[in-house]
There are 2 protein chains.
Amino acid sequence: MAPVKNGRYLFKEVPTGFPELGKTMDYDESETIDPDTVPLNGGFLVKVLVLSIDPYLRGKMRNPSIESYSAPFYVGEPFYNYGVGVVVRSENPAVKAGDHLYGVFKFQHYVIENEPSRFKVIENKEGLPWSVYVGVCGMPGETADYAWKEFSRAKKGETVFVTAGAGPVGATVIQLAKSQGLKVIASAGSDDKVAFMSEIGADVAFNYKTVDTRKILEKEGPIDIYWDNVGGETLEAAIDHAARYARFIECGMISQYNTSQPYPVKNLLKVVGKELSLHGFIVGSLRPKYEAEFYATFPARVASGEIKYKEDRVRGLERAGEAIVAVQSGKNFGKSVVIVADE
Amino acid sequence: MAPVKNGRYLFKEVPTGFPELGKTMDYDESETIDPDTVPLNGGFLVKVLVLSIDPYLRGKMRNPSIESYSAPFYVGEPFYNYGVGVVVRSENPAVKAGDHLYGVFKFQHYVIENEPSRFKVIENKEGLPWSVYVGVCGMPGETADYAWKEFSRAKKGETVFVTAGAGPVGATVIQLAKSQGLKVIASAGSDDKVAFMSEIGADVAFNYKTVDTRKILEKEGPIDIYWDNVGGETLEAAIDHAARYARFIECGMISQYNTSQPYPVKNLLKVVGKELSLHGFIVGSLRPKYEAEFYATFPARVASGEIKYKEDRVRGLERAGEAIVAVQSGKNFGKSVVIVADE
C-alpha cells in the first residue's frame, strides 16, 4: 500500500461562544501515512471506524490554564473522543490485527497506540453496528445506567423529568425509568424528537421551544427525580416543581456551555425546604462500580430491541466539525456519530 | 392562686424584610389564667420555662397561602417553637405534675396540652440547665449530629468549611468535625464569635464581615465538606473552592430569608464538573434514624465538657421579639433562648 492521506480534525482556537467551522476548528490533510510500513515501535496501528460527538467536548475547548475535571484540547492538535477502531497491525501481544477496540481516539484516520489497557476489545457477539458502542452501548449508555442506579432511588409510581430526552443519555434514561414503572416527562427541542420520546415510552413528551416547561411541570408534576442535561433556567424550573425529597441527577448543563453569561439560579433556598439532593457526576467515577454489569447486559438488551436508540450519523471525518456544532446547538437528532471509515 | 396574666408573644403581620418589633410582632397581656382552677378537660397544664429562637422561624412568618415544609404562623396567634416546660397539673395518666417536657410550645406563659406523644419527658440526670435542651441537646444539636452522620462522609484529614460557626448548629459541627480529625475553617460575623470558634477547635476562624471569604478559601481550601447555614454569595464561593466530590450540607440559608431579591448563583455548572453533591434537609426527616442514639449520648458529652456550647439568654417573654430580630440579623452570640420563667 502506498502512503495515504491521514486526515485529521484539528482544534484551532478557543471559541468564546459556539465553536465555528474553519475558525475554531478545521479539517487538515497535511499528513500522510503508509499503513503497511509505518514503524510501530512495539505498538499497534488502528484504523478509526467511528467517533462519538458529545456535548461535554465543549468543556475541553478552553484555555488550558483553566482547571476542570477533563483535560483541555490543545490548539493545533486533533480533537479526541470515544470511538471504535480496528487493529491493522500490532507488535503488542495483547492486541491482534482484526481486533475491534473501544476507547478514546484522536480525530484522525490512522493512529498508533501502545497501551492496550486504555482500550476494551469488543467482541460484539450480537453483531450490532460499531457505532452503537459509542452510543447506547458506550459512554452515553453507561452514563444513563450508572447514574440512574447510583442516584435515582427510583420507586414505582414516581415521576421523573428528563431533559434532552431524545439524546442517547436521555433516551436511555426514559426507558430505564419506564421499565421501573415511573411516570416520565421528557423534553427536547423539535417535534420529531418529541415523537421519538413518545415512541420509546415517555408519558408526557414536549417541545420546550414551543411549550412552556413550567406549565408542563405544574400540570404533570411535582417531580421526584430530575435528570438534568441542560441546567440554567430549566434547572430553576425543576427546583420550583420538585416534590419533597426529590433527587436531581446533574449529568450536564448544555445551556451553560456556550455562553459567557451563566444563568443565575435564584431559588436554591428551596433545596433546603424541600430537602432536595443534587448529585453532580462524571461517568468515569462510577465506571468501576457498574461497568462489568453494563457490558454483560446492555448489548443484549439493545440487540433484542428492549432498549431502543436513535443515531444521527455523519459520514466523513471532514464533517466532524458540523456534528460538533449540531450537538452544541441541539440540531442533532439522536446519538451523534461520525463514520470515519468502513472496514 | 388568683388569676394571673397569661402573657403571649403574637405574630401580628407578615414582614417584607426583617421582622419589626411592635409592627409585625408584639407582646400581649390581654389574657389571664388561673393555674389552680383552669379546666383541663383530660389534658395537662404546662408552665413554659424556656423557648428557643431559631433562624428557621422567619420562614414561618409568611403568607399562609405559600406552601413550605413548615406550617406558617397565623396573624393574631402566638408564635410557637421548641421549648421546655414543667407540668403544673395533669388529668392525663401519661404525664404527671413536675415532669419536664421538651417539645413545641406556644409563646405564652401557660399552655394547656392534651397529646403527650408530642412531648418528650426529660430526665436530665446530668442536671444541665433546661435551656440546653433547646440548644446543643435539642433541635440544633440534633440538626448538627444527624446531618453530619447522614451526609458528611467525613474522612480524617479532610477540610470542612462551617458557616455561622458560633451558632448552636455550627459550633456543634465544628466539634464533631474536629473529633474526627478534620481541618475546620469556620466563619461568623464578629470578633468575639471568631474567638469562640477558635476556642472550640476551629483551625481557621474568621470574621466574614472584615475578611474576604474567597481569600480564606483560596488559601485554606479546597474544601471537602461545606456546612451551609447562610446560602447566597457564600454558597457560590464554596462551590468555586470545593474539591472534587465535595459534599454540601444545606442546613439553612439565612442570607436569603429576609430579602425579596434572592442572590443569583451563577456557577452551578461546577456541580457537574466537580461531581459535587448538595443535600438539603430538615431535621425532622432524619430524627427517626438518629434520635435514640443522640439522647443516649449527647447530654453526657455536654455535661462532661467534651462538647461545648454558648448561650445568648434573654429573660422575659416580652423580649422574645428582640431575640427574633437579633437571630435574623446575626446579632446573637450563641444559642438564642428566652427564659420565660424560673421554676
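The following exercises, each with a worked solution, concern a predicted model of two chains.

**Exercise 1. Symmetry of the two chains**

Determine which rotation and which shift along its axis superpose chain A on chain B.

*Solution.* The relation between two copies of a chain consists of a rotation about an axis and a shift along that axis. Here the rotation is 180° and the shift is 0.0 Å, and the superposition gives an RMSD of 0.0 Å. The two copies are therefore related as by a two-fold rotation axis.

**Exercise 2. The interface**

State how many residues each chain contributes to the contact, what area is buried between chain A and chain B, and which three residues supply more than any other three of the area that chain A buries.

*Solution.* Begin with the residues: 29 come from chain A and 29 from chain B. Of the interface residues of chain A, 100% are also interface residues in chain B, so the copies meet through the same surface. Next, consider the area. About 2400 Å² is buried between chain A and chain B, with 67% of it given by carbon and sulfur atoms. Finally, Leu268(A), Leu269(A) and Val272(A) provide 22% of the area that chain A buries against chain B, more than any other three residues.

**Exercise 3. The sheet of twelve strands**

Give the strand order of the open sheet of twelve strands and identify which strands stand at its edges.

*Solution.* The order is 12(A)-11(A)-10(A)-13(A)-14(A)-15(A)-15(B)-14(B)-13(B)-10(B)-11(B)-12(B), and the pairing is mixed. Strand 12 (204–207) of chain A and strand 12 (204–207) of chain B stand at the edges; each has a single partner strand, so one side of each lacks a neighbour in the sheet. On average, neighbouring strands are turned by 15° against each other, direction ignored.

Within this sheet, strand 10 (residues 159–162) and strand 13 (residues 223–228) of chain A run parallel and are joined by three bridges. Phe161(A) stands opposite Tyr226(A) of strand 13 of chain A. Two helices may then be added. Helix 3 (residues 168–179) of chain A lies across strand 10, strand 11 (183–188) and strand 13 of chain A, at about 165° to strand 11 of chain A. Helix 6 (residues 232–240) of chain A packs on the sheet and touches strand 10, strand 13 and strand 14 (242–250) of chain A, making about 150° with the direction of strand 14 of chain A.

**Exercise 4. A helix pair**

Describe how helix 2 (residues 139–151) and helix 8 (residues 283–303) of chain A cross, and classify the residues of their contact.

*Solution.* The axes come within 9 Å and cross at roughly 105°. Angles of 65 to 115 degrees count as roughly perpendicular, which makes helix 2 of chain A roughly perpendicular to helix 8 of chain A. The contact includes Met139(A), Tyr146(A) and Phe151(A) of helix 2 of chain A, and Leu286(A), Tyr290(A) and Phe298(A) of helix 8 of chain A. Its residues divide into ten nonpolar, two polar and eight charged.

**Exercise 5. Backbone details and antiparallel pairs**

Locate the cis peptide bond that involves Pro222(A), and describe how strand 6 of chain A pairs with strand 5 and with strand 7 of chain A.

*Solution.* The bond from Gly221(A) to Pro222(A) is cis, with omega near 0°. Pro222(A) belongs to the loop between helix 5 (213–220) and strand 13 of chain A. In chain B, a cis peptide bond joins Gly221(B) and Pro222(B).

Strand 5 (residues 44–52) and strand 6 (residues 80–90) of chain A are antiparallel, with seven bridges; Lys47(A) stands opposite Val86(A). Strand 6 and strand 7 (residues 100–106) of chain A also pair in the antiparallel sense over seven bridges, and Val84(A) has Tyr102(A) as its bridge partner.

Key: Residues are numbered from 1 along each chain as its sequence is written. Chains are lettered from A and ligands numbered from 1 in the order in which they are written. This is a predicted model: local features need pLDDT of at least 70, side-chain atom pairs count only at pLDDT 80 or more; totals for chains, interfaces and linings use all residues. Side-chain values use heavy atoms; hydrogens and water are left out. Copies are superposed by least squares on the C-alpha atoms of residues with pLDDT of at least 70 in both. Contact means heavy atoms within 4.5 Å. Axes are lines fitted to C-alpha atoms, for helices over the stretch in contact, and angles run from 0 to 180 degrees between N-to-C directions. Helices (H or I, at least four residues) and strands (E, at least two) are DSSP runs, numbered from the N terminus. Angles under 35 degrees count as roughly parallel, over 145 as roughly antiparallel, 65 to 115 as roughly perpendicular and the rest as oblique. Ala, Val, Leu, Ile, Met, Phe, Trp, Tyr, Cys and Pro count as nonpolar, Asp, Glu, Lys and Arg as charged, and the others, Gly among them, as polar. Two strands pair if DSSP finds at least two bridges between them. Buried area is the accessible area (1.4 Å probe) that two parts lose on being put together, summed over both.
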